[in-house]
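Please look over the sequence and the fold below before reading on. The paragraphs after it are meant to be followed with the model in view.

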Amino acid sequence: MLHSNLPMRRYLVAAWLLGCVGGVAELPGAAVDAPPGSAVDVGPTPDGGLVGGTLDVAWMHGAADCAANADPEVQVHAYNATTFILRQNKCRTFEAPFIYVLVGTTTALVLDTGDLTTTTLRTTIAPLVGGKPIVVAHSHAHGDHVRGDATFAGQPNTTVIGTSLAAVAAAFGIATWPTDPGSLELGGRTLDVLAIPGHEATHVAIYDRQTGLLLSGDALYPGMLFINDWATYRTSMHRLALFAAAHPIAHVLGAHVEMTSTPKQAYPYGSTYQPAEHVLQLTAAHVAALDAALAQLGATPQRRVLDDFIIDPQ
Ligand SMILES: [Zn+2]
């Protein structure tokens with residue numbers, strides 16, 4: 001979602017217990033739900049299959065009365081012991097972006113820094129990565145995905161990748177943007193990085209070979225897919241569809257949820273209360289459906305409402 005200047009309501013939230021995987025810590029403003037039993041399979045399986053995880057989570061989704069909302073500033077869901085999905089509170093930012101933390105044996109990736117400038121996100125992530133060096137990268141450079149960068153910059157063992165196209169291409173070893181593949185090695189956990197400009201010029205998708213998660217940012221999620229460069233976006237989504245068809249995809253995970261659980265129905269832009277929202281996860285079939293719809297729509301930008309997302313050229 002493109003960040004807008006709609007008035008943002010900000011409220012203090014109560015301190016929240018954080019129960020992190022492998023231990024218990026208390027942090028203000030954050031909540032973690034550990035996977036049931038925390039008996040999670042971590043390293044790659046002998047047969048090369050995907051390492052599993054759970055999306056059995058009730059995401060906080062704002063409130064009818066944000067002044068009375070006691071949800072934490074950020075919610076943490078452990079997909080498995082080395083994969084975390086975080087969401088910022090809609091009562092603090094209607095964008096409520098999702099942020100991803102993938103931990104390898106040597107390095108941890110933090111994908112996006114959200115829409116808030118407090119240190120809560122950084123202090124919430126710290127106990128999740130086991131002291132490993134952190135690389136902070138971005139799905140793309142819009143404000144609601146980079147606003148927390150300053151709280152990571154200059155921290156020990158932390159590298160914040162810049163938001164210029166040159167910085168993004170260099171960080172992932174993308175020789176020719178956007179057609180060449182890139183990658184990032186976390187130690188026993190290789191990420192493929194695909195340049196998918198269109199929503200925004202430096203947008204990337206990240207594929208985790210270990211879990212089969214495809215992190216699609218604002219290019220594809222259950223919501224209003226704002227497209228700034230129609231031709232470029234069509235080309236990018238076709239490339240993403242080819243990639244998704246050629247790799248095992250466990251889930252396609254984007255950076256927002258704006259659809260309701262009713263097909264074709266979205267919440268109004270700027271909503272701070274989504275009591276019946278669509279699940280976060282999409283599938284490889286959604287990537288294929290998006291590509292097919294874009295092919296059918298042709299060269300002229302057009303809006304198209306599908307069951308689980310809305311193609312919305314700007
Ligand atoms: Zn966004």
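What follows moves from the whole chain to its core, its sheets and a helix pair.

This is a predicted model, in which local features need pLDDT of at least 70 and side-chain atom pairs count only at pLDDT 80 or more, while totals for chains, interfaces and linings use all residues. Residues are numbered from 1 along each chain as its sequence is written.

The protein chain has six helices and 18 strands, where helices (H or I, at least four residues) and strands (E, at least two) are DSSP runs numbered from the N terminus. Of its 314 residues, 47% count as buried, a residue being buried if 20 or more other C-beta atoms, placed from the backbone, lie within 10 Å of its own. Two residues are in contact if their C-beta atoms, placed from the backbone, lie within 7 Å; among such contacts between residues at least 6 apart in sequence, 65% join residues at least 24 apart.

The largest nonpolar core, a set of buried Ala, Val, Leu, Ile, Met, Phe, Trp, Tyr and Cys residues joined through C-beta atoms within 7 Å, has 73 residues, and V101, A108 and L220 are among those with the most contacts inside it. Strand β6 (residues 98-103) gives the largest share of this core, six residues. Leaving aside residues up to four places away in sequence, A108 touches V101, L102, V103, V129, K132, I134 and L186.

Turning to the sheets, strands pair if DSSP finds at least two bridges between them. One open sheet has six strands in the order β10-β11-β12-β13-β15-β16, with mixed pairing, and its edge strands, β10 (182-185) and β16 (281-282), each pair on one side only. Within this sheet, β13 (residues 213-217) and β15 (residues 251-254) run parallel and are joined by four bridges, with G217 standing opposite G254 in β15.

Another open sheet, also mixed, is formed by three strands in the order β14-β18-β17. β14 (224-227) and β17 (304-305) each have a single partner strand, so one side of each is left without a neighbour in the sheet. β14 pairs with β18 (residues 310-313) in the parallel sense over four bridges, and M224 stands opposite I310 in β18.

Finally, the axes of helix α5 (residues 230-246) and helix α6 (residues 284-297) come within 9 Å and cross at roughly 145°, where axes are lines fitted to C-alpha atoms over the stretch in contact and angles run from 0 to 180 degrees between N-to-C directions. The residues that make this contact include M237, L240 and A241 of α5 and V287, L290 and L294 of α6.

Methods
A residue is buried if 20 or more other C-beta atoms lie within 10 Å of its own, exposed if 12 or fewer, and partly exposed in between; C-beta atoms are placed from the backbone.
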